[in-house]
Amino acid sequence: RGVDIGAVEAIHDQLRAARDGGLGVLLVSADLNELLALSDRIAVMHRGRIVAVLPAAGATIGKLGELMLGAEGAE
């Protein structure tokens, strides 16, 4: 939020470099496209609890949205 497009790309590059260098990266974002693009795994919270952890490769915005809203069996 409040970061220009060039800075966003630089930040994403830094996150990828850290990941590729073997570091653990915790990314918290409300932008589901950003999470899907940068994550290996995504933990979804609903009402303050983690309700699912799924590989980003198999996740969709729809599935994440359902889990965020508390849908049962959205995995």
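This passage describes the overall make-up, the charged side chains and selected surface residues of a predicted model.

The secondary structure of the protein consists of three helices and two strands. Read from the N terminus, these elements follow the order α-α-β-β-α. Along the principal axes, the C-alpha atoms occupy a box of roughly 40 × 30 × 20 Å. The protein has 75 residues, of which 21% are buried. Among contacts with a separation of 6 or more, 16% join residues that are 24 or more positions apart. The exposed surface of the protein comes to about 5600 Å², and 55% of this area is supplied by carbon and sulfur atoms.

Charged side chains were examined next. The protein carries 7 positive and 10 negative side chains. The centres of these two sets lie 7 Å apart. Side chains of opposite charge can pair when their charged atoms come close. In the whole structure, two salt bridges were found.

One salt bridge joins the side chains of Arg16 and Asp13, with an N to O distance of 3.3 Å. Both residues belong to helix α1, which spans residues 5-20. Arg16 and Asp13 are three residues apart in this helix, or about one turn. Arg16 has a relative accessibility of 28% and therefore counts as partly exposed. Asp13 is also partly exposed, because its relative accessible area is 44%.

Another salt bridge links Asp20 with Arg19, and the closest N and O atoms of this pair are 3.0 Å apart. Asp20 counts as exposed because its relative accessibility is 60%, a value over the cut-off of 50%. Arg19, at 29% relative accessibility, counts as partly exposed.

The region of the two strands was then considered. Strand β1 covers residues 41-46, and Arg47 is found in the loop between β1 and β2. The phi angle of Arg47 is near 55 degrees, which is a positive value in a residue other than glycine. With a relative accessibility of 76%, Arg47 counts as exposed.

Strand β2 comprises residues 49-55 and includes Val53. Val53 has a relative accessibility of 47%, so this residue counts as partly exposed; the exposed class requires a value over 50%. Together with Met45 and Ile50, Val53 forms a nonpolar patch on the surface. The accessible area of these residues together is about 300 Å².

Notes. Residues are numbered from 1 along each chain as its sequence is written. This is a predicted model: local features need pLDDT of at least 70, side-chain atom pairs count only at pLDDT 80 or more; totals for chains, interfaces and linings use all residues. Side-chain values use heavy atoms; hydrogens and water are left out. Patches are made of residues with over 30% relative accessible area and no salt bridge: like charges are joined within 9 Å, nonpolar side chains (Val, Leu, Ile, Met, Phe, Trp, Tyr) within 5 Å. Accessible areas come from the Shrake-Rupley method with a 1.4 Å probe; for residues, only the protein chains shown count as cover. A salt bridge is a side-chain nitrogen of Lys or Arg within 4 Å of a carboxyl oxygen of Asp or Glu. Helices (H or I, at least four residues) and strands (E, at least two) are DSSP runs, numbered from the N terminus. Buried means under 20% relative accessible area, exposed over 50%, partly exposed in between (1.4 Å probe, protein chains only). Contact means heavy atoms within 4.5 Å. Lys and Arg count as positive and Asp and Glu as negative; His and the chain ends are not counted. The place of a charge is taken as NZ of Lys, CZ of Arg, CG of Asp or CD of Glu.
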